[in-house]
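Thanks for making time this morning. I would like to walk through one model with you, going from a pocket to the charged pairs, then to the surface and to a few distances.

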Amino acid sequence: MLRNIKTILEKKDFYKIYLIFIGGCVAACFEILSLGSVPFFVGFVSESDTLIQNIPFENIKNIFIETNKNNLLFFLSIFVFGTFLVKNLYLTLLLYYENKFYFTLRKNTASKIFSYYLNSPYLFHLNRNPAHLSRNITHEITQSLLVISF
């Protein structure tokens, strides 16, 4: 199967797929950070003293104790909002890049197959159904690229 994918993709396309994969891993880290900050924030709002006492590092614990609770709540809410904002901006850019890559790949593959059909000998077209050739260009390319995109 990998050999068949190599006939469709060029070397630069493999590099782009690699970047999309790494981008997905970074997106997963952003998801963990943003969703993991919510229970900490809720815990701080409900029982801030208990949460501060359970911090294992003395330096950080002293900073939280010395800081005004309202200021700390304000900074934590900005942190939670900021993590979700950065995560969503990053996911938007990643999704844009993925879709741009997918549609460019689809266009290039369709162009290659269409060019192959145009340059084929006359007997090739006599032995083939034109509806099948048209289906190969439109539907089969989409189905084959779904394997690559997921």
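Helix α2, which covers residues 11-46, and helix α5, which covers 69-118, each contribute at least two residues to the lining of the second largest pocket, and please keep in mind throughout that this is a predicted model. Of the two, α5 deserves the attention here, since the largest contribution to that lining, eight residues, comes from α5. The volume of this second largest pocket comes out at about 180 Å³, and its lining is made up of 13 residues, of which D13, K16, F101, T104 and L105 are the closest to the centre. If we sort the lining by class, we find six charged residues, together with four nonpolar and three polar ones.

That brings me to charge pairing. As a general point, side chains of opposite charge can pair when their charged atoms come close. How many salt bridges does a search of the whole structure find? The search returns two.

One of them joins E10 to K112, with 3.7 Å between the closest N and O atoms. This pair ties together distant parts of the chain, because E10 sits in the loop between α1 (2-8) and α2 whereas K112 belongs to helix α5, and the two are 102 residues apart. With a relative accessible area of 36%, E10 is partly exposed, and K112 is likewise partly exposed, at 40%.

The other salt bridge is formed by K87 and E31, whose closest N and O atoms are 3.5 Å apart. Here too distant parts of the chain are linked, with K87 in helix α5 and E31 in helix α2, 56 residues apart. Is K87 buried or exposed? Its relative accessible area is 8%, so K87 counts as buried, given that the cut-off for buried is under 20%. Its partner E31, at 27% relative accessibility, is partly exposed.

Let me turn to the surface. Which residues form a nonpolar patch there? They are Y18, F21, I22 and V26, and together they present about 390 Å² of accessible area. F21, a residue of helix α2, has a relative accessibility of 54% and therefore counts as exposed, the cut-off for that class being over 50%.

Finally, some positions and distances that may help you to orient yourselves in the viewer. In helix α7, which spans residues 130-149, we find R135, and at 36% relative accessibility R135 is classed as partly exposed. Between R135 and L19 there are 31 Å from C-alpha to C-alpha, with a sequence separation of 116 residues. L145 is also in helix α7, but with a relative accessibility of 1% L145 counts as buried. Measuring out from L145 to E58 in the model's coordinates, the C-alpha atoms are 54 Å apart, for a separation of 87 residues along the chain.

Back in helix α5 there is I78, which is partly exposed at 42% relative accessibility. The C-alpha atoms of I78 and I63 are separated by 18 Å, and these two residues are 15 apart along the chain.

To close, I would come back to helix α5, which gives the most to the lining of the second largest pocket, and which also holds K112 and K87, each of them a partner in a salt bridge.

Key
Residues numbered from 1 in each chain as written. Predicted model: local features only at pLDDT ≥ 70, side-chain atom pairs only at ≥ 80, totals over all residues. Heavy atoms only, no water. 1 Å grid on protein atoms, 1.4 Å probe; cavity = no way out; pocket = protein on both sides within 12 Å on 5 of 7 lines; lining within 4 Å. Points joined across faces, edges and corners; volume = space filled by probe spheres on them. Helix = DSSP H or I, 4+ residues; strand = E, 2+ residues; numbered from the N terminus. Nonpolar A, V, L, I, M, F, W, Y, C, P; charged D, E, K, R; others polar. Patch = residues over 30% accessible without salt bridge, like charges linked within 9 Å, V, L, I, M, F, W, Y side chains within 5 Å. Areas by Shrake-Rupley, 256 points an atom, 1.4 Å probe, with all protein chains shown as cover. Salt bridge = Lys/Arg side-chain N within 4 Å of Asp/Glu carboxyl O. Buried < 20%, exposed > 50% of the residue type's maximum accessible area, 1.4 Å probe, protein only.
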